[in-house]
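User: Please take a close look at the second largest pocket. Then follow its main contributor outwards, and give the cut-offs as you go.

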Amino acid sequence: MRISDAIDRQRVSVSPGSRSYRRAINAILKHLAAIALSGRKGLTTRDEVALFTLVPEYAMLAVEAATLASSAIVTIDLPNGSFVLPENLISMLYLDHLIFGYAAFERAGDIVVYADPTQFTSITLKEDGSLSVIIREMEDVSDRVGVITLHPNPYVFGFSVPELIPQTFITLLLARNRIVYEVSQFRKPEVMIVTNEVMSTDEVNSRRRQIIEQAEDDYGSFILYSHNAEDKPQVVVLDKKEVDLKDLNPIIEREVAILRKACGLPNDGSLSAVMVSFFDQLRSELERLFVEARVQVGLPDIAGDGE
């Protein structure tokens with residue numbers, strides 16, 4: 001099952017203990033595990049957006065990084081005047097940069113407008129290292145569309161943060177899912193017994209099948225035991241061991257630190273190389289599209305002193 005398919009089902013019922021929620025989480029974990037083992041790009045655009053939604057640590061850090069990036073001052077000086085890129089445009093570009101692995105903008109006359117990267121049929125690297133941007137009926141729009149990649153290296157071009165560090169996302173998803181179950185009414189054990197009585201009515205058999213299907217979705221394994229002592233299906237919990245959430249904190253903090261670095265947030269009192277690279281590419285692409293322009297970039301001031 002694709003992550004996006006699972007998320008579509010999840011939208012029907014988003015309760016942490018719901019069947020669709022568990023299916024979505026399980027699908028994401030399997031997909032990320034496969035990516036972690038293969039090291040290959042495997043997430044679709046919808047998958048990447050789903051991860052941004054389901055991993056709150058990722059969403060918070062990405063937004064924080066985009067907010068910091070938006071404080072940069074990017075000025076384009078043209079022969080007939082000059083303009084400054086809007087803060088919200090820089091913020092949106094930086095978010096795309098993290099989530100999709102690349103961000104896109106378009107020159108429209110003497111201004112820059114946001115270009116949703118999902119609208120393009122393909123964005124690929126040519127042999128000379130330049131980008132080819134195709135839209136609609138194989139029309140190449142590279143002459144008016146600028147692309148900022150998370151990793152300019154052709155071997156990892158187009159890889160988003162979730163694809164670069166899938167193990168971190170697996171850990172955070174597992175921890176988040178575990179916490180939700182521990183503190184909510186939906187918590188269920190890893191192992192259980194479904195007592196399946198001998199019943200003849202269609203209504204009772206239907207209820208029995210529903211319980212078994214739920215068990216198959218929610219648990220990796222379970223024991224099915226039949227007897228005729230009761231008049232309805234029962235679920236018997238075998239493992240009621242509570243997990244101390246404090247034990248998870250050091251693990252979560254470690255993975256969040258990795259994610260923080262990948263999102264380009266400051267480290268050791270200096271601006272991250274990820275963010276510096278973003279603005280270097282932004283300047284380069286602006287100068288390519290506005291050949292007659294002089295582009296100046298005032299990088300974000302992490303000390304808060306302003307430019």
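Analyst: The second largest pocket has a volume of about 240 Å³. A pocket here is an open set of points on a 1 Å grid over the protein atoms alone, where a 1.4 Å probe fits and protein lies on both sides within 12 Å along at least five of seven lines. Points are joined across faces, edges and corners, and the volume is the space filled by probe spheres set on them. This is a predicted model: local features need pLDDT of at least 70 and side-chain atom pairs pLDDT 80 or more, while totals for chains, interfaces and linings use all residues. Residues are numbered from 1 along each chain as its sequence is written, and side-chain values use heavy atoms, leaving out hydrogens and water.

The lining comes next. It holds 14 residues, a lining residue being one with an atom within 4 Å of a point. Gly129, Ser130, Leu131, Val147 and Glu285 lie nearest the pocket centre. By class, the lining has five nonpolar, six polar and three charged residues. Nonpolar covers Ala, Val, Leu, Ile, Met, Phe, Trp, Tyr, Cys and Pro; charged covers Asp, Glu, Lys and Arg; the others, Gly among them, are polar. β8 (145-149) and α10 (273-289) each supply at least two lining residues. The largest share is from α10, with four. These labels are DSSP runs numbered from the N terminus: helices are H or I with at least four residues, strands E with at least two. The chain has 10 helices and 12 strands.

Now follow α10 away from the pocket. It packs on helix α5 (residues 87-99) at an angle of about 115 degrees, and the two axes are 12 Å apart. Axes are lines fitted to C-alpha atoms over the stretch in contact, with angles running from 0 to 180 degrees between N-to-C directions. The α5 side of the contact is Ile90, Leu93, Tyr94 and His97; the α10 side is Val274, Met275, Phe278, Phe279 and Leu282. Contact means heavy atoms within 4.5 Å. Eight of these residues are nonpolar, one is polar and none is charged.

Take one residue from that contact. Methionine 275 sits in α10. It is buried because its relative accessible area is 0%. Buried means under 20%, with a 1.4 Å probe and protein chains only. Beyond four places in sequence, methionine 275 touches Ala65, Leu68, Ala69, Tyr94, Gly264 and Pro300. Its C-alpha atom is 8.3 Å from that of cysteine 263, 12 residues apart along the chain.

On the α5 side, look at serine 91. Serine 91 belongs to helix α5 and counts as buried, at 18% relative accessibility. Leaving out residues up to four places away, it touches Ala66 and Ser70. Serine 70 lies in the loop between α4 (56-69) and β1 (73-78). Serine 70 is buried too, at 10%. With the same sequence neighbours left out, its contacts are Glu87, Ile90 and Ser91.

One step further, α4 packs on helix α9 (residues 249-262). Their axes come within 10 Å and cross at roughly 35 degrees. Glu57, Tyr58, Leu61 and Glu64 of α4 meet Ile252, Val256, Leu259 and Arg260 of α9. That contact has five nonpolar, no polar and three charged residues.

Technical notes
Buried < 20%, exposed > 50% of the residue type's maximum accessible area, 1.4 Å probe, protein only.
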